[in-house]
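Hi everyone, thanks for coming. I'd like to walk you through a structure that's new to most of us, so have a look at it while I talk.

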Amino acid sequence: MAGLLLSDACGLRPLTAAAHFRSRSRLPAADTNRSIPFSGSQPFRLSTVRGPGALLRDCMLRVSAPARPIVVEKEKRENVNGIQTEEFDPGMPPPFGLAEIRAAIPKHCWVKNTWRSMSYVVRDVAVVFGLAAAAAYINSWVVWPLYWAAQGTMFWALFVLGHDCGHGSFSNNHKLNSVVGHLLHSSILVPYHGWRISHRTHHQNHGHVENDESWHPLSESVYKSLDTPTRKLRFTFPFPMLAFPFYLWSRSPGKTGSHFNPESDLFVRNEKKDVITSTACWMTMAALLAGLTLVMGPLQMFKLYAIPYWIFVMWLDCVTYLHHHGHEEKLPWYRGKEWSYLRGGLTTLDRDYGWINNIHHDIGTHVIHHLFPQIPHYNLLEATEAAKPVLGKYYREPEKSTPLPFHLIGVLATSLKRDHYVSDTGDVVYYKKDSEL
């Protein structure tokens, strides 16, 4: 009997080498079966098939079990040259909960420093205006390409600070977050509240095939319903990296609505005023750009603003795509009971961007950010290091970058060639490749 353990149905099964006992609580998984809350590690379930004796045994077994067996990770054993090997399965439920990750992160990592956050805004805005003034003054075709690359990257940095405002990690002052977020995002033609709300949906449903909001996989049926030109555009570089403005207007294939329309199904009734406010700010910025175009001329505005804007879009699409795609081993996507906030968050990836890490406020440190978006960006590195011992193999070390992250171009290209759709069925699914694309 020492080699047996109680299953969730109170039956018996062999105790594998991958299991061990821990006396600690665990976050309960979602379950649609009827259940009665109980003081043990899981509720016992009422059965309409088994008799009252079985129900009594269920109760007694729950009371008598001192701890619940925890599976550390699924192991697939193979015989390679006579040697037993173990293979980690990232689709298995982790042996830890959010509470354990949170407890490993130092308390000071959660503290938001408003003055420090504002200092990043002042720095980035000063660099943006300085670059524009210098490029306009020199006005040389030798300098303009360098300006476009630098200014597009700074637009992306402004976006990340506005993104922090949307999460509330910028400061504890809601009004300040809203004001700064509107100023930063409107300046780069992003509707602050509209995007903030849809991004919140992304975080709440990360890793879910249907419910995730951004860069989620297409189901096989949706993929095959697309015409051939659309498929090619979606998976042929650089077109996917130019998708963000179109996503703001009409979302992803298979979804409807707009980030500018308060009646969109993206929003609930009490969010409509926020969406109207952000749309009005976006239109004000568009009108300002139109006025500057009349004053300075179309070519000058094209060089000063339009090209950096599209560089920013490429940064945004590339970074957000690589946070959820492109690992050397395919990672799972979930549906139904297999999905949980923790399991979905653990499929995200950290990326190293070399010198750009500091410029775009360590947004590449993404796993802990996805699980705990309240942590300020300047504490993400420390929080990640503290959480690694808990995460174990569920954390994937990013490939170290040279000063500029050129290595990620190959990662992006490989993913676009192989990660096309997932099966219509199954609660744990992986990307499949369309060999005809």
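**Rings, bridges and a patch**

Let's begin with Phe372: at 2% relative accessibility, this residue counts as buried. Keep in mind that what you're looking at is a predicted model.

So what does Phe372 pair with? Its partner is Trp110: the ring centres are 5.3 Å apart and the planes sit at 75°, so we call the pair edge-to-face. Trp110 itself is partly exposed, because its relative accessibility is 22%. The two residues come from distant parts of the chain, 262 residues apart. Trp110 is in the loop between helix H2 (98-104) and helix H3 (114-138), while Phe372 is in the loop between helix H14 (367-371) and helix H15 (380-391).

Here's another edge-to-face pair, Trp333 with Tyr431, at 6.3 Å centre to centre and 85° between the planes. Trp333 belongs to strand E9 and Tyr431 to the segment after strand E10 (428-429), so this pair ties together parts that are 98 residues apart in sequence. Trp333 is buried, at 4% relative accessible area, and Tyr431 counts as buried too, at 9%.

How many aromatic pairs are there? The count comes to 24. There's also an aromatic cluster, and its members include Phe155, Trp156, Trp195, Tyr247 and Trp310.

Now over to the charges. Side chains of opposite charge can pair when their charged atoms come close. In this model the count is 13 salt bridges.

Take Glu338 and Arg343, whose side chains meet in a salt bridge at 2.7 Å, N to O. Is Arg343 buried or exposed? With a relative accessibility of 8%, Arg343 counts as buried, whereas Glu338 is partly exposed at 30%.

Then look at Lys272 and Glu263, another salt bridge, at 3.0 Å from N to O. Glu263 is exposed, with 55% relative accessible area, and Lys272 is partly exposed at 21%.

Lys388 bridges to Glu397, with the closest N and O atoms 2.7 Å apart. Lys388 counts as buried because its relative accessibility is 17%, and the cut-off for buried is under 20%. And if you like networks, Glu213, Arg251 and Asp265 are linked in one made of salt bridges.

Last stop, the surface. Glu87, Glu328, Glu329 and Glu399 form a negative patch there. Glu329 is in the loop between helix H11 (298-322) and strand E9 (333-334), and at 49% relative accessibility Glu329 counts as partly exposed.

That's my tour, thanks for listening.

How values were computed:
Residues are numbered from 1 along each chain as its sequence is written. This is a predicted model: local features need pLDDT of at least 70, side-chain atom pairs count only at pLDDT 80 or more; totals for chains, interfaces and linings use all residues. Side-chain values use heavy atoms; hydrogens and water are left out. Patches are made of residues with over 30% relative accessible area and no salt bridge: like charges are joined within 9 Å, nonpolar side chains (Val, Leu, Ile, Met, Phe, Trp, Tyr) within 5 Å. Accessible areas come from the Shrake-Rupley method with a 1.4 Å probe; for residues, only the protein chains shown count as cover. A salt bridge is a side-chain nitrogen of Lys or Arg within 4 Å of a carboxyl oxygen of Asp or Glu. Lys and Arg count as positive and Asp and Glu as negative; His and the chain ends are not counted. The place of a charge is taken as NZ of Lys, CZ of Arg, CG of Asp or CD of Glu. Helices (H or I, at least four residues) and strands (E, at least two) are DSSP runs, numbered from the N terminus. Buried means under 20% relative accessible area, exposed over 50%, partly exposed in between (1.4 Å probe, protein chains only). Rings of Phe, Tyr and Trp (its six-membered ring) pair if their centres lie within 6.5 Å; planes under 30 degrees apart count as stacked, over 60 as edge-to-face and the rest as tilted.
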